[in-house]
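Thank you all for coming. Please look at the sequence and the structure for a moment, and then I will take you through some parts of the fold one at a time.

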Amino acid sequence: MDFTLNDEQELLRNGLSRFLATRYDLEQSRSAAKTGAGWQPDIWRAFADELGILGATLPEEHGGIGGGPVELMVIAEALGHALVVEPYVDTAVVAAGLLRRAGATDLLEAVVAGHTIVTLAATEPTSGEHWRNVTTRAERDGEHWVLTGTKIVSASTPLASHVLVTARTSGQQADVDGISLFVVELGSATAGIELHHYRTIDDRRASDIVLDGLQLPAAALLGDEGDAWPSIAQARDEGAAAICAEAVGCMRKVLSDTVEYCKQRQQFGQPIGSFQVLQHRMVDMYMEVEQAAAAALLATLHLEADDITRARAVSAAKATVGRAAQFVGQQAVQLHGGMGMTEELAIGHYFKRLTALQFEFGSTDHHVTRYAELTAR
């Protein structure tokens with residue numbers, strides 16, 4: 001099987017990498033994340049207007065460029081290498097996929113144009129790592145829907161103008177049937193909704209959302225009532241595959257910086273990189289990165305397969321990448337010594353992101369369990 005990129009994919013990777021190397025300053029990004037709005041809107045507009053990556057995996061009729069899973073992998077890895085905090089996966093992958101499958105053309109085209117940020121709120125206090133455990137209720141009230149419930153850790157929602165909310169219109173808590181998807185315009189929704197924003201350990205933004213009789217118009221329902229789960233499950237796998245590629249980009253940067261540091265750091269009159277035991281550690285890091293890259297590619301190549309095959313490949317990748325992210329991040333910090341956790345060095349910021357990536361879209365343990373269950377079928 002040929003794993004090389006074609007000419008268009010190479011151009012995409014090279015163009016995005018050059019843009020990030022010249023326009024995306026890590027110090028400026030951290031400043032925006034910690035004390036500013038949490039992101040850089042001008043960068044987001046450049047993603048849309050200059051690079052076109054917000055619609056890279058979407059059909060041309062929606063303003064995209066008609067790419068597929070491989071383009072997604074290329075973009076996510078480059079963004080991970082530069083430690084980009086802008087919500088590409090949350091908006092251009094997860095939310096855009098849900099909007100496309102639901103036929104929400106106007107909102108989807110606004111996302112592709114960079115005019116709108118849309119995120120997903122699917123996790124609840126009692127759901128654990130299973131998005132199908134939905135207790136938020138949506139009930140009809142004449143021509144309206146009324147939503148009641150709580151969502152937690154809704155990634156990138158503080159930056160968003162719209163949030164997609166999962167709610168149960170029928171069935172019991174863990175049923176896959178009866179789950180519906182609603183779009184909430186945050187600027188216009190004030191009564192019946194409380195937003196609690198915060199910064200996460202890896203300098204991202206997230207929200208907890210309390211819905212207390214939030215009234216929505218009938219048009220807020222996306223797709224068919226009670227049939228949203230297949231699309232949500234696919235969106236979660238697509239998001240997981242994307243952050244696997246993002247983690248590979250992070251790990252490649254961490255490994256490169258660690259090798260360079262070990263060439264320069266002197267101990268006992270010679271670079272510490274000349275010590276064989278540290279060379280072995282860096283070789284182990286390299287092996288973990290390459291295994292993670294292979295697993296991320298496996299997930300990418302199966303995103304358009306049937307549901308079981310896709311889920312199995314994604315869980316295998318997420319478990320492999322999670323283990324690698326933990327090992328590579330910890331080894332990099334140890335080899336840098338105390339400096340590895342300081343704000344001044346990039347390595348500390350990458351370590352935090354690699355730690356968070358192990359839990360997004362399902363933890364390593366969750367995906368090991370899911371892979372075992374899927375393989376036993």
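Where is the place of valine 118? Keep in mind that what you see is a predicted model; in this model valine 118 sits in strand S1. Is valine 118 buried or exposed? Its relative accessibility is 0%, and buried means under 20%, so valine 118 counts as buried. Leaving aside residues up to four places away in sequence, valine 118 touches Asp90, Thr91, Ala95, Leu99, Leu107, Val111, His162 and Leu164. There is also valine 184, which is 66 residues away from valine 118 in sequence, while the C-alpha atoms of the two are 9.5 Å apart in space.

Let me turn to the regions that are named in the record. UniProt, in an unreviewed entry, lists residues 6-103 as "domain: Acyl-CoA dehydrogenase/oxidase N-terminal", and in the model this span is 66% helix and 0% strand, with its end C-alpha atoms 30 Å apart. The unreviewed entry in UniProt also has the annotation "domain: Acyl-CoA dehydrogenase/oxidase C-terminal", which covers residues 229-370; that span is 78% helix and 3% strand, and its end C-alpha atoms lie 17 Å apart.

Now to the helices, beginning with H1, which runs over residues 7-23. At 1.5 Å a residue, its 17 residues should span 24 Å, and the end C-alpha atoms of H1 are indeed 24 Å apart, which agrees. Which residues of H1 are buried? They are Gln9, Leu12, Leu16, Phe19 and Leu20, and because they cover an arc of only 100° around the axis, they lie on the same side of H1. The general reason is that an α-helix has 3.6 residues a turn, so residues three or four places apart point the same way. The buried residues of H1 pack against helix H3 (41-51) and helix H4 (69-81), whereas Asp7, Leu11, Arg18, Ala21 and Thr22, on the other side of H1, are exposed. At the N-terminal end of H1, asparagine 6 acts as a cap, with a side-chain oxygen 3.1 Å from the backbone nitrogen of glutamate 8.

In helix H2, residues 26-34, the buried residues include Ser29, Arg30, Ala32 and Ala33, and these cover an arc of only 160° around the axis, which puts them on the same side of H2. Strand S6 (193-199), strand S7 (205-217) and H10 are among the elements that cover the buried residues of H2. At the start of H2, a side-chain oxygen of aspartate 25 comes to within 3.3 Å of the backbone nitrogen of glutamate 27.

Finally, the aromatic rings. How many aromatic pairs are there? The count comes to five. In one of them, tryptophan 131 and phenylalanine 361 have ring centres 6.1 Å apart and planes at 50°, so the pair is tilted. Tryptophan 131 belongs to the loop between strand S1 (118-121) and strand S2 (137-141), and phenylalanine 361 to the loop between helix H10 (346-357) and helix H11 (364-375), so the pair ties together parts that are 230 residues apart in sequence. Both tryptophan 131 and phenylalanine 361 are buried. Elsewhere, Phe19, Trp39, Trp44 and Phe47 are linked by ring pairs into a cluster, and Phe19 is one of the buried residues of H1 that we met before.

Definitions and conventions:
Residues are numbered from 1 along each chain as its sequence is written. This is a predicted model: local features need pLDDT of at least 70, side-chain atom pairs count only at pLDDT 80 or more; totals for chains, interfaces and linings use all residues. Side-chain values use heavy atoms; hydrogens and water are left out. UniProt positions are given in the numbering used here, feature names are shortened, and annotations may be inferred rather than shown by experiment. Helices (H or I, at least four residues) and strands (E, at least two) are DSSP runs, numbered from the N terminus. The expected span of a helix is 1.5 Å times one less than its number of residues. Buried means under 20% relative accessible area, exposed over 50%, partly exposed in between (1.4 Å probe, protein chains only). The arc is that of the directions from the helix axis to the C-beta atoms. Contact means heavy atoms within 4.5 Å. A polar contact is a pair of N or O atoms within 3.5 Å; within protein, one must be able to donate a hydrogen and the other to accept it, and residues adjacent in sequence count only if both atoms are side-chain atoms. Rings of Phe, Tyr and Trp (its six-membered ring) pair if their centres lie within 6.5 Å; planes under 30 degrees apart count as stacked, over 60 as edge-to-face and the rest as tilted.
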